[in-house]
Amino acid sequence: IIEPGHFRFSIIGEKVLRLEERLGYVHKGIERRFTELAPSEAQCLAARICGDSAVAFSWAYCQAAEGLMQIQVPPRALYLRALALELERLQNHLGDLGALGNDAGFAFGLTQFSILKERLLRAVAAAFGQRYLFDWLVPGGVAKDVETPRLAELAALTHEIAGRAHDLRQIYEEHSGLRDRFVGAGQVAPELAQRLGLTGLAGRASGQAFDLRVDQPWPPYDEFTVAKCVRHEGDVAARVAVRFDELHETCVLIERIARELPAGEVVASAAAPIAAGLAVGLIEGWRGPVLLALQVGADGAIQRCHAHDPSWQNWPALEHAIVGNIVPDFPLINKSFNLAYSGHDL
């Protein structure tokens, strides 16, 4: 499911002296496959580059394609895209917080967060027709509308999740066993993070205060006020704290989007033929900035499509983060970054 990675440890006793990562064994041929698809259909492949970031990658593709088609996306469709993106962020944070508790021997955390994630996925399936939104974004808008009662149900559920996550956060912070495992483990100091170009969630946990939703907001995020969630400690505890902070902020955004969703069409009425040229899509996914560059020839066919997952920048930081820690802490530190194998292996 997560695809292969090779980790070679040099150790002294239980302490890690050096870690070498080797990735990219599958050679999926994603970029070649793009050139065999019509530009109006390739968003389905973009969504499958990295399954846990399906909305971010498909939106980045649509953003690039819409630039070449000169399509004006309806406001309702933009709001629905933002809703889908924030739901994807919420799903992943719930899953990670449970897994991090489990990796530290706290199975209660995994159980509780798994329940919340499953309830959310069922609500998403009821509202969108899919648990994971692989085929929901299309150039010009979204594949179908969401009924008002379903939006109200999603808003109510996220409000409940925010409250439950607040209670679980207190349990995590007061649990001495979790504190012992989280605090100081896998540390990436802000100076090192800056030198390595650490980005996204992991970067914000090491003092790199960058979030495209704030720094370079695209519609409809230019209408929202999104709070940056930043820590400076750079350890597992900081990455857990950023997840909790972002989970709360995402729940607030989902409730606002559901409340303020404008009326209107959900897809552009007339799609213009795609023009030759190069366009870029850039979206702040849950893991960090997702970039996709799309080049189309004079015949309207895709000549090249390159997708860039934030894990490309962040994998080297894991090699530094593990040094000096004990081998049994590697799964915990690795999960605290939760980088993509699939998004790295194109």
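The lining of the second largest pocket in this predicted model breaks down by class into five nonpolar, two polar and two charged residues. The residues behind those classes are Trp59, Gln63, Glu66, Gln72, Val73, Leu78, Arg81, Trp218 and Pro219. The space inside the second largest pocket comes to about 180 Å³. Two elements give two or more residues each to the lining, namely helix H3 (54-69) and helix H4 (75-103). Which of the elements gives the most to the lining? That's H3, with three residues.

Pro219, one of the lining residues of the second largest pocket, has something else going on: its peptide bond to Pro220 is cis, with omega near 5°. As for Pro220, look for that residue in the loop between H10 and H11.

**The chain overall**

Stepping back, the protein chain has 13 helices and seven strands. Its radius of gyration is 20 Å, close to the 20 Å that the globule rule gives for 346 residues, so the chain is as compact as a globular protein of that length. If you want box dimensions, the C-alpha trace spans about 65 × 40 × 30 Å along its principal axes. Of the 346 residues, 53% count as buried. Take the contacts between residues at least 6 apart in sequence, and 72% of them join residues at least 24 apart.

**Salt bridges**

How many salt bridges does the structure hold? There are 24. Here are three pairs, with the N to O distance and the relative accessible area of each partner.

| Pair | N to O distance | Accessibility of each partner |
|---|---|---|
| Arg18 and Glu20 | 3.7 Å | Arg18 48%, Glu20 26% |
| Glu173 and Arg169 | 3.0 Å | Glu173 45%, Arg169 16% |
| Asp215 and Lys228 | 2.6 Å | Asp215 42%, Lys228 31% |

In the Arg18 and Glu20 salt bridge, Arg18 is partly exposed, and Glu20 is partly exposed as well.

Glu173 and Arg169 make a salt bridge within one helix: they sit four residues apart in H6 (residues 148-174), which means about one helical turn separates them. Are these partners buried or exposed? Glu173 counts as partly exposed, but Arg169 is buried, since 16% falls under the 20% cut-off.

The salt bridge between Asp215 and Lys228 has its N and O atoms 2.6 Å apart. Asp215 lies in helix H10 (residues 212-215) while Lys228 is in the loop between H10 and helix H11 (236-260), so this pair ties together parts that are 13 residues apart in sequence. Asp215 counts as partly exposed, and so does Lys228.

Not everything comes as an isolated pair, though. Glu86, Arg89, Asp211 and Arg213 are linked in a network of salt bridges.

**Val236**

Where does Val236 sit? Its place is in helix H11. Val236 is buried, with a relative accessible area of 0%. Leaving aside neighbours within four places in sequence, Val236 is in contact with Phe182, Ala185, Leu332, Ile333 and Ser336. Among these partners, Leu332, Ile333 and Ser336 fall in the range of helix H13 (330-337). For a sense of distance, Val236 and Thr148 are 39 Å apart in space, C-alpha to C-alpha, and 88 residues apart in sequence.

**Positive phi outside glycine**

A couple of backbone angles deserve a look on a Ramachandran plot. His27 isn't a glycine, yet its phi is positive at about 50°. His27 is placed in the loop between strand E2 (15-23) and helix H1 (30-34). With a relative accessible area of 61%, His27 is exposed.

Asn338 is another residue other than glycine with a positive phi, near 45° here. This residue lies in the segment after helix H13 (330-337). Is Asn338 buried or exposed? At 15% relative accessibility, Asn338 counts as buried, whereas His27 is exposed.

Technical notes
Residues are numbered from 1 along each chain as its sequence is written. This is a predicted model: local features need pLDDT of at least 70, side-chain atom pairs count only at pLDDT 80 or more; totals for chains, interfaces and linings use all residues. Side-chain values use heavy atoms; hydrogens and water are left out. A salt bridge is a side-chain nitrogen of Lys or Arg within 4 Å of a carboxyl oxygen of Asp or Glu. Buried means under 20% relative accessible area, exposed over 50%, partly exposed in between (1.4 Å probe, protein chains only). Contact means heavy atoms within 4.5 Å. On a 1 Å grid over the protein atoms alone, a cavity is a set of points where a 1.4 Å probe fits but cannot get out, and a pocket is an open set with protein on both sides within 12 Å along at least five of seven lines; lining residues have an atom within 4 Å of a point. Grid points are joined across faces, edges and corners, and a volume is the space filled by probe spheres set on the points. Ala, Val, Leu, Ile, Met, Phe, Trp, Tyr, Cys and Pro count as nonpolar, Asp, Glu, Lys and Arg as charged, and the others, Gly among them, as polar. The radius of gyration is taken over C-alpha atoms; the globule rule is 2.2 Å times the number of residues to the power 0.38.
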